[in-house]
Amino acid sequence: MKIAVYAIAKNEAKFAERWYKSMSEADGVFVLDTGSTDGTPDILRNLGATVAVQVYEPFKFNIARNASMSLVPHDFDWLVCTDIDEVFSIGWRKALEDFIKAHEKDGINSVICKFLTAFDENGKV
């Protein structure tokens, strides 16, 4: 199972490394930067993400999000959409794969995950 993570970003340098590390279980990480001035694209590229830059005036979230998804090559089986200020728990990929495999007979083609948003900068709830 080939899994990609994709996101949009703008001036997310302070979150970039933490986010990328938590996404490292994916087979590919793809980011559309929408005009950062803080070095976000370079940080993410140096970490290993595939990054494209496209500025939208006026900014339209849905257009940017769809464009970020279009960065993912067609040979990926599952795409995970996230924001750069989010962090996934270690083992997220295995949990996702286990869930998908357990529900294959149901013909699922999407999964929605609930997440906690009350973590502090040290990962404590």
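Which residues are buried in helix 3? In this predicted model, the buried residues of helix 3 are Ala-64, Arg-65, Ala-67 and Ser-68. They cover an arc of only 160° around the axis, and therefore lie on the same side of helix 3. From that side they pack against strand 1, strand 2 and strand 4, and the helix itself, residues 61-69, lies across these three strands while running at about 145° to strand 1.

**The sheet**

The strands that helix 3 lies across belong to an open sheet, in which four strands follow the order 3-2-1-4 with parallel pairing. Its edges are formed by strand 3 (50-53) and strand 4 (78-81), each of which pairs on one side only, and the twist from one strand to the next averages 20°. Strands of a sheet pair through backbone hydrogen bonds, and the pairing may be parallel or antiparallel. Between strand 2, which spans residues 28-33, and strand 3 there are four bridges, and the two run parallel; here Phe-30 stands opposite Thr-50 in strand 3.

**Other helices**

Helix 4, made of residues 92-102, lies across strand 1 and strand 4, and its direction is at about 120° to strand 1. In helix 2, which covers residues 40-47, the buried residues are Thr-40, Pro-41 and Leu-44. They cover an arc of only 95° around the axis, so they are placed on the same side of helix 2. The partners against which these buried residues of helix 2 pack are strand 1, helix 1 (13-23), strand 2 and strand 3. Just after helix 2 comes Gly-48, which takes a positive phi of about 125°.

**Aromatic rings**

A pair of aromatic rings is described by the distance of the centres and the angle of the planes. The structure holds two aromatic pairs, which are set out below.

| Pair | Distance of centres | Angle of planes | Arrangement |
|---|---|---|---|
| Phe-30 and Phe-76 | 5.7 Å | 85° | edge-to-face |
| Phe-88 and Trp-92 | 5.3 Å | 75° | edge-to-face |

Phe-30 lies in strand 2, whereas Phe-76 lies in the loop between helix 3 and strand 4, so their pair ties together parts that are 46 residues apart in sequence. Both Phe-30 and Phe-76 are buried, and the charged end of Lys-2 sits over the ring of Phe-76, at 4.6 Å from its centre. In the pair of Phe-88 and Trp-92, Phe-88 is partly exposed, with a relative accessible area of 22%, while Trp-92 has 11% relative accessibility and counts as buried.

**Backbone features in the loops**

Two loops hold backbone features that a reader may wish to find in the model. In the loop between strand 1 and helix 1 is Asn-11, which has a positive phi of about 55° although it is not a glycine; Asn-11 is partly exposed, and its relative accessible area is 34%. In the loop between strand 3 and helix 3 lies Pro-58, which is joined to Glu-57 by a cis peptide bond with an omega of about -5°.

Note on methods
Residues are numbered from 1 along each chain as its sequence is written. This is a predicted model: local features need pLDDT of at least 70, side-chain atom pairs count only at pLDDT 80 or more; totals for chains, interfaces and linings use all residues. Side-chain values use heavy atoms; hydrogens and water are left out. Two strands pair if DSSP finds at least two bridges between them. Axes are lines fitted to C-alpha atoms, for helices over the stretch in contact, and angles run from 0 to 180 degrees between N-to-C directions. Contact means heavy atoms within 4.5 Å. Buried means under 20% relative accessible area, exposed over 50%, partly exposed in between (1.4 Å probe, protein chains only). The arc is that of the directions from the helix axis to the C-beta atoms. Rings of Phe, Tyr and Trp (its six-membered ring) pair if their centres lie within 6.5 Å; planes under 30 degrees apart count as stacked, over 60 as edge-to-face and the rest as tilted. A charge sits over a ring if NZ of Lys or CZ of Arg is within 6 Å of the ring centre and within 35 degrees of the ring normal.
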